[in-house]
Every structure is written in structure tokens, then in C-alpha cells.
Amino acid sequence: MLTIYSDDHHLHHGRCELMDGQLMPCFEMPSRADHVLERVKARALGPVEAPHDFGLGPIQRIHSPAYLEFFKGAWDRWAEFERDGDLLPFTWPARTLRTVIPTSLHGQLGYYSFDGGAPITAGTWQAAYSAAQVALTAQAEIQRGARSAFALCRPPGHHAASDLMGGYCYLNNAAIAAQAFLDQGHKQVAILDVDYHHGNGTQSIFYERSDVLFASIHGHPEAEFPFFLGYADEYGEGAGDGFNFNYPLPAGSGWDTWSAALEQACGEIQGYDADVIVVSLGVDTFKDDPISQFKLDSPDYLAMGKRIAALGKPTLFVMEGGYAVAEIGINAVNVLEGFQSAQ
């Protein structure tokens, strides 16, 4: 299995995030991707290649021009203030406020963010742009006939909506790749999100569309981030009605409970008969993940990969979350090896 990877992810290393009432070191850090890459090489999963540059065009198919303009220029505007620190929002357009786009940097940052977990640093734009190119390069490999490919993206992307950043995510790598498949002739794409946290950005992007089926298995939003999306009664709207499936599970869920949800999700994907599958591969479902509450163990990820392979479709794996850094490589590569062993 080909892995696409860019060292540009090191350009993004936030100092802190807002969580549990305090500013604390970011759980989303460069060593996450480093550990996955080390494991890919140690297990001889396959070749590792750098991404090609497909430009802004495929990204603009998902993200609004105004959002991209803001994100690309935010750090330079922040640097003019000569402050020492990352750029983080502190005001959001809550329900009782007007929905306007302010002209000020901080006002726009609040408008284009939904939490305090996506700091912008000097290198964040380039890291996120390169992560999107990683996904697009892996997508192109499958478009040329490969049965699978691994996009080792960082920063992750599934919380990013068309004009919204948050949850460590800035550009939605999985959505960008899915749209590229459609633009290149595929009629139906399925996105399977196995990250502990609901892929709210991906859902919102495709919620009114029938050409992308979205299925997500995640911690129940009654108690887990992102709290305001990911409930089981969200089936899509308009043309997308019946093409969105959420499987929210309680804290403490282990493989038996989780795999039962996977079976349901795979059943929907099988019935949809997608041309290709994009997997938002988060491994923060691991039992020792510091910010998640499921109890999957490392061998379970082998079984996960085998079940996804049984769908019999070309499959693009896009790296998302996973914050037990010492084990992230083992768990992510186990999914990929489980998939390969079942081919």
C-alpha cells in the first residue's frame, strides 16, 4: 500500500488549546504523524512518497473562497500586532448575535471558528494545504487503478466545514478527496468515519447531497465533542435525505459494541454500492487515548481493517485523530495491514 506523506506538517505546532477551562499543550502534535510514519516503514507497508501539488482548485470545490482567503492570510495579519503567541479565537457569533462577517481579524476568526482547539501559527496554512495535497495525491493513485492508498495527513480534517475550522481541523482532507473522485467521473462515494469524534464538518458538507454517503461511528454527542452534531436522527436533508448515518455510542464501548455499529455502517455502504470508499481513519477509539472514552485495543484495529476490506471497494484511508502518541502508529498501521491481509 502506497503511503503519501509530507514533512510540511511540522510547520504546524500549536502552543496551546482551550480545553476544560484552561489553556493547555495541544494534544494534536507533530509527533503523531512521525510515529505513524515510523510504523509504516518498520512494517514495510509499502513505498512512501511525497505529494504532488494540485493547487487550490480541488480545495475550492469544498471550501468557500472567503474562508480560504481568511485562513491563508490570518497569520500575516496577526503578525502585524507583534504579539507573542498563536492566534486563537475568543468570541463566537452565538445564537443571539447577528450573523455578520466583521472586518477585524479577531471578529473574522470567531466567525470562521467553532472552538478554541484550532490555533493558527506561522506554518498552519502551509501544513494544512500540504495535507490536502497528500489526500489528493493518494486519491489520484486510486484513480489510476490502485485498490488502496494511505494519506498520512496532518493536521486532520473531518471537523472542518466549508467555511469553518475547529477540532484541530482546517481543511477537510477526506471531503476534498471525495469530491475529487466525483469530479473525475465517479458517481457515488462513501465516507466511513471511524474517529472517536463525530465528523461534523464532513457531514455538513454533504448533508444535502446523494452522491456521497456519510457514515460515522463516534462517542455520543450528548457527552462528547463536538456536542451539537452526530445524533442518530440526522439522516440528511433534501436530496441527501437517507444518505447520512450516525452511530453514537456510550463512553466505555469496547470492540463488541463498536464492531456491531461497524456492521450496520458497512451494511449501508454495501447497499449504496459506492464506486469508492474514503475512510476517515481516526484511532482515538483506543483504550488509552487521553481525550476519548472507547476501549478498543490494538488487535481490534486489524479486525477493523479486515471488515472494511470485505466491502470489496477501492479504498482511500485518510489520517484523522488519535492522541495516544506512543501507540498511534501501531493502531493506524494495524488497520492498514488488516485491510491488506484480506485482499
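**View 1. Surroundings of helix α10 in the predicted model.** Elements covering the buried residues of α10 include α1 (30-42) and α9 (298-309). Strands β5 (148-151), β9 (276-281) and β10 (315-319) are also among them. Of the 17 residues in α10, 12 are buried, so the helix is largely enclosed by the rest of the structure.

**View 2. Buried residues and span of α10 (residues 325-341).** The buried set begins with Val325, Ile328 and Gly329. A run from Asn331 through Ala332, Val333, Asn334, Val335, Leu336, Glu337 and Gly338 to Phe339 completes the set. The end C-alpha atoms of α10 lie 25 Å apart. At 1.5 Å a residue, its 17 residues should span 24 Å, so the two values agree.

**View 3. Helix α3 (residues 65-79) and its kink.** This helix has 15 residues. From first C-alpha to last, α3 reaches 22 Å, close to the 21 Å expected at 1.5 Å a residue. A kink of about 45° is centred on Gly73.

**View 4. Packing of α3.** Buried here are Tyr67, Leu68, Phe70, Phe71, Ala74 and Trp78. The buried residues of α3 pack against α2 (57-60), α4 (105-111) and α5 (124-143). Residues three or four places apart in an α-helix point the same way, because there are 3.6 residues a turn.

**View 5. His9 and its contacts.** His9 sits in the loop between β1 (2-4) and β2 (17-19). Its relative accessibility is 3%, so His9 counts as buried. Neighbours within four places in sequence aside, His9 contacts Pro30, Ala33, Asp34, Ala127 and Arg154.

Definitions and conventions:
Residues are numbered from 1 along each chain as its sequence is written. This is a predicted model: local features need pLDDT of at least 70, side-chain atom pairs count only at pLDDT 80 or more; totals for chains, interfaces and linings use all residues. Side-chain values use heavy atoms; hydrogens and water are left out. Helices (H or I, at least four residues) and strands (E, at least two) are DSSP runs, numbered from the N terminus. The expected span of a helix is 1.5 Å times one less than its number of residues. The bend at a residue is the angle between axes fitted to the seven residues ending there and the seven starting there. Buried means under 20% relative accessible area, exposed over 50%, partly exposed in between (1.4 Å probe, protein chains only). Contact means heavy atoms within 4.5 Å.
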